Amino acid sequence: MRKKVEVTPIGRRKLEFVFLREIKRGVAGVYILWFGERFYIGKANCIRRRTLDHKSKLNYTFGAFLYGRKTKYYGGSYETIISYLIENPEITTVEVDVLDICETEKEALFEESLWHGVLISHPLNHFCLNKLYYLPDYQILG
């Protein structure tokens, strides 16, 4: 018997971001956002500020999309993430973690490219919500 999951009405749903460990202000590096079992990998000069920017833009874009309005943020990975969130209304929390702490933005860009390099050929690639690497479940071969 399936457990009944209480779902917030889609038009009023707001994502909450939870940091899995303390991230000091001003820390640069590569981070991961967990949307249930799927994830997004990014890099930032300041991980805390960037993830809070994601929160703001995703909540705004999600609401606008549901009411048929286009926004300048809808596209790229946001489009993939919003589609996934619509398919999975039980997701209301995004977990944030750090993959690599870096000294400079250039180092963070390099580290992010290494993570994405691994993902390209990794069997768990289909869990990634980054637009360049995302494969919907129906495209998984195997």
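The following dialogue concerns a predicted model and the terms applied to it.

Visitor: What makes Arg48 count as lying over the face of Phe19?

Guide: A charge sits over a ring if NZ of Lys or CZ of Arg is within 6 Å of the ring centre and within 35 degrees of the ring normal. Arg48 lies at 4.6 Å from the ring centre of Phe19, so the distance condition is met.

Visitor: Which residues make the contact between H1 and H2?

Guide: Helix H1 covers residues 47-66 and helix H2 residues 76-87, and their axes cross at roughly 65°. With contact meaning heavy atoms within 4.5 Å, the residues include Phe62 and Phe65 of H1 and Ile81 and Leu85 of H2.

Visitor: Why should residues 136-142 be read with caution?

Guide: pLDDT, the predictor's confidence in each residue from 0 to 100, stays under 50 there. Where pLDDT is low, the predicted coordinates should not be read in detail. The protein as a whole averages a pLDDT of 80.

Local features need pLDDT of at least 70, and side-chain atom pairs 80 or more, whereas totals for chains, interfaces and linings use all residues. Residues are numbered from 1 along each chain as its sequence is written, and side-chain values use heavy atoms, without hydrogens and water.

Terms used: Axes are lines fitted to C-alpha atoms, for helices over the stretch in contact, and angles run from 0 to 180 degrees between N-to-C directions. Helices (H or I, at least four residues) and strands (E, at least two) are DSSP runs, numbered from the N terminus.
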